[in-house]
Amino acid sequence: MLVEKLKPIIARNDELSSLLSTQEVMSNVEKLKRFSIEKSETDEIAQKAREYLKVLDDIASNRSLLDDKELGELAKEELRELELRESELQNEIKILLIPKDPNDKKNIYLEIRAGTGGDEAGIFVGDLFGAYCRYADSKGWRVEIISSSENSVGGYKEVIALIKGDGAYSRLKYEGGTHRVQRVPKTESQGRIHTSAITVAIMPEVDSLEVVINPNDLKIDVFRSGGHGGQSVNTTDSAVRITHIPTGITVSMQDEKSQHKNKDKALKILQARLYEAELEAQTTQNHEARKNQVGSGDRSERIRTYNYPQNRMTEHRVNLTLYSLEEIMLNGDLDKVIDPLIAHAQSLALSGE
């Protein structure tokens, strides 16, 4: 019964409030941090739970007055409102009771790469990256470009960025996959519509404790950074390529002039990719978890189409079509597609499918 699930949550939230006011906890930085985080994570559901229990008590009180000649009508009217609120709270609480993704509060690495479509695909990499940057700005997040490789017409072959902000992963984790664009390219002289594709990967930022890399598993090469047309942009071997021998995962970094900085950045991205690979392996093994996903995040999965002639964005995983593509891209108003994806994921989790 829902009430029996909620009582321990309320009790623990009250206990945490008491603990945080004790001298023992206030003088212990580790305990203070741990209890503060736990309390903040239970505050919302505890508040909803208290309201829910009060609504149940008020419903019982009003039902007892239904046969009262003077108060019966008033009780009936209040009962309708209370029962509506009871239903709303039940739905809100069920969503809050869904097990949290431990990565939801993390920063993310965003990787966007041009796929089929040549220069036009690279131009769209830049367009979509710009939309993500505007979205991040609307959330108060910071975007730091880690690495980028420009093409010759103003786009990118690839761009890797670190997006820092509370909840970045929770909002953007469903963006991974193949994004298809249909439009007349800037490079098209005859006005024909082309279809191009790019891939997006979303990886949570992890620390060295979450992913331990054995130095003996790494092959590290250094080379001279190259610019457009192959010309050298550095006179020293500052670029770094790190290969993780057991998995074959390779990361190259040349944006910094310092070999040490390039190596540090490459190791952090390698950690994120190894973590992502482990998550994918666990998900593949866990059939139930895979069914509950909106999308696997597999880069080969076509998740969304951007049709510029029709001003249409189609999110294929939830059969959502929006005829406000230009506005979404220009303003970074991605909540219009992200909110339905999250709602769908919650619905799947609640139904147990």
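A polar contact is a pair of N or O atoms within 3.5 Å; within protein, one must be able to donate a hydrogen and the other to accept it, and residues adjacent in sequence count only if both atoms are side-chain atoms. Keep that in mind for the first exercise.

The model is predicted, with local features needing pLDDT of at least 70 and side-chain atom pairs counting only at pLDDT 80 or more, while totals for chains, interfaces and linings use all residues. Residues are numbered from 1 along each chain as its sequence is written, and side-chain values use heavy atoms, without hydrogens and water.

**Exercise 1: Arg317**

Find where Arg317 sits, and work out which groups its side chain reaches.

Step 1. Locate Arg317 in the loop between strand 10 and strand 11; helices (H or I, at least four residues) and strands (E, at least two) are DSSP runs, numbered from the N terminus.

Step 2. Check its exposure: Arg317 counts as buried because its relative accessibility is 14%. Buried means under 20% relative accessible area, exposed over 50%, and partly exposed in between (1.4 Å probe, protein chains only).

Step 3. Follow the side chain of Arg317 to the backbone oxygen of Tyr174, at 2.8 Å. A polar contact of 2.7 Å also links this side chain with that of Glu315.

**Exercise 2: the sheet**

In what order do the 8 strands of the open sheet run, and which strands stand at its edges?

Step 1. Trace the order 2-3-1-5-4-9-10-11, with mixed pairing. Two strands pair if DSSP finds at least two bridges between them.

Step 2. Strand 2 (142-150) and strand 11 (320-322) are the edges; each has a single partner strand, so one side of each lacks a neighbour in the sheet.

Step 3. Now zoom in on one pair: strand 4 (residues 177-183) and strand 5 (residues 194-204) are antiparallel over 7 bridges. Within strand 5, Ala197 is the bridge partner of Arg180.

**Exercise 3: helix 4**

Compare the span of helix 4 with its expected value, then identify what its buried residues pack against.

Step 1. Helix 4 (residues 72-96) has 25 residues. The expected span is 1.5 Å times one less than the number of residues.

Step 2. From first C-alpha to last, helix 4 reaches 35 Å, close to the expected 36 Å.

Step 3. Its buried residues include Leu79, Leu82, Glu86 and Leu89.

Step 4. Look for contacts (heavy atoms within 4.5 Å): the buried residues of helix 4 pack against helix 1 (2-19) and helix 3 (29-63).
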